[in-house]
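Student: Please take a close look at one residue in this model and set it against the chain as a whole. I would like the charges covered as well.

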Amino acid sequence: MPTVKNGLKERLARYRQIKISVIGRKSGQIISIPVWFVLEGEKLFLLPVGGSDTQWYKNVIKNPQIRIDARGEEAEFRAVPITHAKTVKEVIEKFREKYGAKDVKKYYSKFDVAISVELG
């Protein structure tokens, strides 16, 4: 597993949005999209806007390799799906704390899964 450069963690601490790149489960192409995230210690949490119906989430299930790009600081990691209801709920609460309950409700439509990325 790669160790995170200080630059990446520093940027994760400063920004509200990052870009993730995943490998398309059908196309095999690299797909990049902007996402919100929560950083907690050495863990990065991602919440797919459409839950388990989100395309990038389906891609991660097939190929857990994920590239995190925080404005030019990039690194590759292994994404770990979170499906346990209580743990998903904890991630949702972290997102509500960071982005506000109103915006989370506005942009997210399904709350059945999340993703964890170990940075350390």
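Tutor: The protein chain carries 23 positive and 14 negative charges, and their mean positions lie 5 Å apart. The model is a predicted one, and the charge positions are computed from it like the rest.

As for surface, the protein chain exposes about 6,800 Å², of which carbon and sulfur atoms supply 50%. Of its 120 residues, 40% count as buried.

The residue to look at is Thr-87, which sits in helix α3, a helix covering residues 85–99. Thr-87 has a relative accessibility of 28%; because buried means under 20% and exposed means over 50%, Thr-87 counts as partly exposed. Its C-alpha atom is separated by 8.5 Å from that of Ala-114, although Thr-87 and Ala-114 are 27 residues apart along the chain.

That pair leads to the chain-wide contacts. Among contacts between residues at least 6 apart in sequence, 68% join residues at least 24 apart.

Helix α3 belongs to a secondary structure of 4 helices and 7 strands. Along the sequence these elements follow the pattern α-β-β-β-β-α-β-β-α-α-β. The radius of gyration of the protein chain is 13 Å, close to the 14 Å that the globule rule gives for 120 residues, so the chain is as compact as a globular protein of that length. Along its principal axes, the C-alpha trace spans about 35 × 30 × 20 Å.

Conventions:
Residues are numbered from 1 along each chain as its sequence is written. This is a predicted model: local features need pLDDT of at least 70, side-chain atom pairs count only at pLDDT 80 or more; totals for chains, interfaces and linings use all residues. Side-chain values use heavy atoms; hydrogens and water are left out. Helices (H or I, at least four residues) and strands (E, at least two) are DSSP runs, numbered from the N terminus. Buried means under 20% relative accessible area, exposed over 50%, partly exposed in between (1.4 Å probe, protein chains only). The radius of gyration is taken over C-alpha atoms; the globule rule is 2.2 Å times the number of residues to the power 0.38. Contact means heavy atoms within 4.5 Å. Accessible areas come from the Shrake-Rupley method with a 1.4 Å probe; for residues, only the protein chains shown count as cover. Lys and Arg count as positive and Asp and Glu as negative; His and the chain ends are not counted. The place of a charge is taken as NZ of Lys, CZ of Arg, CG of Asp or CD of Glu.
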